[in-house]
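The following note sets out several points for consideration alongside the coordinates. Each point takes up one topic and may be checked directly in the viewer.

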Amino acid sequence: MNHTMEQYFTADTTLLNDGFCESMLKSLMENVKIILENPENYRARAEFMLCTTYGCNGILALGNSESGWPCHGMEHALSAYYDITHGEGLAIITPRWMKHILSDKTVDRFVKYGINVFGIDKNQDQFDIANQAIDATYNFFESIGIPMHLREVGIDESRIDEMAHHVAVNEGLENAYAPLFEKDIAEIFRASL
């Protein structure tokens with residue numbers, strides 16, 4: 001899901017790629033629940049794996065501007081400094097990153113995401129829709145059993161500043177969809193505790 005979202009949350013997008021990304025996210029969310037209930041469901045597993053192939057092969061980014069893959073940049077530090085899985089780290093970081101970057105500049109993207117992926121009523125205030133979409137993202141990850149706090153996976157505050165510095169120096173997130181600097185990265189890590 002995060003590979004798809006990293007390619008969806010960009011400044012310049014195409015209607016076609018938006019549709020691909022939105023459909024993939026819906027497919028992944030539906031099929032993972034089927035797979036968790038019945039791991040032998042071949043159809044759900046096949047569609048799920050097809051989505052993962054598209055999520056990693058670059059096709060979703062064609063025609064879109066670069067995103068900088070900010071959640072990945074931050075998560076790579078988490079799984080390098082601590083023994084957690086990439087998916088857990090991404091699920092924990094993503095909703096906090098979303099909250100952190102929500103602004104007048106990014107709200108339209110979150111509105112589109114909320115309406116088209118989660119079916120949120122479009123007849124509401126833009127920031128209400130955006131916040132509901134962020135909450136729906138968090139709730140989905142939690143609903144499939146992913147720990148949603150860094151403390152749950154053995155990460156405390158002791159190395160946050162060190163990791164934030166590492167990310168800021170090495171990941172180029174000042175060029176991300178919503179630029180992130182060391183202070184922002186540390187704030188996102190702390191919000192994820």
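1. In which segment is Ser192 found? Ser192 is located in the segment that follows α9 (182-191). The model under review is a predicted one. Is Ser192 buried or exposed? With a relative accessible area of 0%, Ser192 is buried. Leaving aside residues up to four places away in sequence, Ser192 touches Ile92, Ile93 and Arg96, and also Met148, His149 and Leu150.

2. A second residue to inspect is Met74, which lies in helix α4 (residues 70-81). Met74 counts as buried because its relative accessibility is 0%, under the 20% cut-off. Its contacts, not counting residues up to four places away in sequence, are Ile93, Trp97, Val167, Leu173, Leu180, Ile185, Ile188 and Phe189. For Phe189 the separation along the chain is 115 residues, while the C-alpha to C-alpha distance from Met74 is 8.3 Å. Ile93 appears among the contacts of Met74 and also among those of Ser192.

3. Asp156 is placed in the loop between α7 (126-143) and α8 (160-170). At 35% relative accessibility, Asp156 counts as partly exposed. Asp156 touches Tyr82, Arg151 and Leu193, again not counting residues up to four places away in sequence. Phe189 serves as a reference here too: Asp156 and Phe189 are 33 residues apart in sequence, and their C-alpha atoms are 9.7 Å apart in space.

4. The packing of helix α2 (residues 15-37) against helix α6 (residues 107-118) merits attention. Their axes come within 9 Å and cross at roughly 50 degrees, which means that α2 is oblique to α6. The crossing of these two helices is right-handed. On the α2 side the contact involves Leu15, Asp18, Glu22, Leu25, Lys26 and Met29; on the α6 side it involves Arg109, Lys112, Tyr113, Asn116, Val117 and Phe118. By class, the residues of the α2 and α6 contact are six nonpolar, one polar and five charged.

5. Helix α2 also meets helix α3 (residues 42-56), with axes that come within 9 Å and cross at roughly 140 degrees. This angle makes α2 oblique to α3, because an angle has to be over 145 degrees to count as roughly antiparallel. The crossing of α2 and α3 is left-handed. From α2, the residues Met24, Ser27, Leu28, Asn31, Val32, Ile34 and Ile35 take part; from α3, their counterparts are Ala44, Arg45, Glu47, Phe48, Cys51, Tyr54 and Gly55. The residues in the contact of α2 with α3 divide into nine nonpolar, three polar and two charged.

6. How many disulfides does a search of the whole structure find? The search finds zero. The cut-off for a pair of cysteine sulfur atoms is 2.5 Å. The closest cysteine sulfur to that of Cys51 belongs to Cys21 and is 11 Å away, so it is too far for a bond. For Cys56, the closest cysteine sulfur is in Cys51, and the distance of 11 Å is likewise too far for a bond.

7. These cysteines may also be considered by accessibility. Cys51, which takes part in the α2 and α3 contact, counts as buried at 6% relative accessibility. Cys56, in contrast, counts as exposed at 54%.

Note on methods. Residues numbered from 1 in each chain as written. Predicted model: local features only at pLDDT ≥ 70, side-chain atom pairs only at ≥ 80, totals over all residues. Heavy atoms only, no water. Buried < 20%, exposed > 50% of the residue type's maximum accessible area, 1.4 Å probe, protein only. Axes fitted to C-alpha atoms, helices over the stretch in contact; angles between N-to-C directions. Helix = DSSP H or I, 4+ residues; strand = E, 2+ residues; numbered from the N terminus. Parallel < 35°, antiparallel > 145°, perpendicular 65-115°, else oblique. Left-handed = near helix turned anticlockwise from the far one by under 90°. Contact = heavy atoms within 4.5 Å. Nonpolar A, V, L, I, M, F, W, Y, C, P; charged D, E, K, R; others polar.
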